[in-house]
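This report looks at how the interior of one protein model is packed and at what surrounds its ligand. The sequence and structure come first, followed by the ligand site and then the nonpolar cores.

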Amino acid sequence: MQIDLISIFPDYFKSLNLSLLGKAQESGILKINIHDLRDFTQDKHKTVDDAPYGGGPGMVMKADVWGLAIDSVLESTKTKPVLVVPTPSGKVFTQKIAQELSSQEHLIFINGRYEGIDSRVVNYYKTDNRIKDVREISIGDYVLAGGEVASIVMLEAISRLIPGVLGNDDSVKDDSFAQGSMEKLIEGPVFTRPEEWRGLDVPEVLLSGDHEKIAQYRLEEARKRTRLNRPDLAP
Ligand code: JD8
């Protein structure tokens, strides 16, 4: 998969060279390109924002600068990319959306700042036949200062679903929220050595070697925690 990220803070994405995503780049499963939006400004002050039409607080990011930046990525590829636009007014990100995006060949993440990006940019590329789709996505009902951390959240969730990125592709099968799982449960408690820590022991059943009893214990614990923390998921 090819991934392009455009932002006025490109250093935010240095973390993508770590861990899973870093190894996926080394192995060639992922090709990640990071672009500084200011490289596409036309004035000596490298202006990317201006006052909002109709008045109001803050500044809005300029359509003409974003257009040059996005076109530059499109002109350097033969793929049909999906534009991913993190925005608090987007559809809420889910494991289902992560699965849908993990099967794409090319994603371009459009990272806004200030009060957001001139809305004509999204409307324009929704009609551009070089683009497969434009997905406006929110990672949750809280307000961030920009799109960068949302893109990193989405990229981590998406990339671990790409075959070969995780050491063992099977582990995504029992993901919480995974599509097709009859019961939507959140993860139960986990334990490892030492067997006793500060007077706290590991549940006996997990030391029993009785896989049926262990599976039953884990299911009950996951259901208990789902009822407690995510009643919205509980059947
Ligand atoms: C992109 C600019 C800041 C948002 C005025 C604060 C996602 N779940 C989420 N919460 N916030 C964002 C997000 C916030 C952004 C941008 C995503 C670009 N801002 C703006 C509107 C109100 N400021 C997000 N995904």
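## Polar contacts of the ligand

A polar contact is here a pair of N or O atoms within 3.5 Å. In this predicted model, a nitrogen atom of the ligand is 3.4 Å from a polar backbone atom of Ile137, and a polar side-chain atom of Ser138 lies 3.2 Å from a nitrogen atom of the ligand. Tyr114 also takes part through its backbone, with an N or O atom 3.5 Å from a ligand nitrogen.

The ligand exposes 530 Å² when taken alone, and the protein buries 84% of that area.

## The shell around the ligand

The ligand is surrounded by 18 residues, of which Glu115, Ser138, Gly140, Tyr142 and Leu144 come nearest. By character, the shell divides into 10 nonpolar, six polar and two charged residues.

Two elements, β5 and β7 (133-138), each give two or more residues to this shell, and the largest share, three residues, comes from β5.

## Nonpolar cores

The largest nonpolar core has 30 residues, and within it Phe93, Phe109, Met154 and Ile158 have the most contacts. At least two residues each are supplied by β1 (2-7), α1 (19-26), β5 (82-92), α3 (95-102), β6 (106-110) and α5 (148-159), with α5 giving the largest share, six residues.

Leaving aside residues up to four places away in sequence, Ile158 touches Met1, Phe93, Ala98, Leu101, Ser102, Leu107 and Phe109. Another core, of 22 residues, lies apart from the largest one and includes Ile6, Leu37, Val48 and Ile117.

Notes: Residues are numbered from 1 along each chain as its sequence is written. This is a predicted model: local features need pLDDT of at least 70, side-chain atom pairs count only at pLDDT 80 or more; totals for chains, interfaces and linings use all residues. Side-chain values use heavy atoms; hydrogens and water are left out. A nonpolar core is a set of buried Ala, Val, Leu, Ile, Met, Phe, Trp, Tyr and Cys residues joined through side-chain atoms within 4.5 Å. Buried means under 20% relative accessible area, exposed over 50%, partly exposed in between (1.4 Å probe, protein chains only). Helices (H or I, at least four residues) and strands (E, at least two) are DSSP runs, numbered from the N terminus. Contact means heavy atoms within 4.5 Å. A residue is near a molecule or strand if one of its heavy atoms lies within 4 Å of it. A polar contact is a pair of N or O atoms within 3.5 Å; within protein, one must be able to donate a hydrogen and the other to accept it, and residues adjacent in sequence count only if both atoms are side-chain atoms. Accessible areas come from the Shrake-Rupley method with a 1.4 Å probe; for residues, only the protein chains shown count as cover. Ala, Val, Leu, Ile, Met, Phe, Trp, Tyr, Cys and Pro count as nonpolar, Asp, Glu, Lys and Arg as charged, and the others, Gly among them, as polar.
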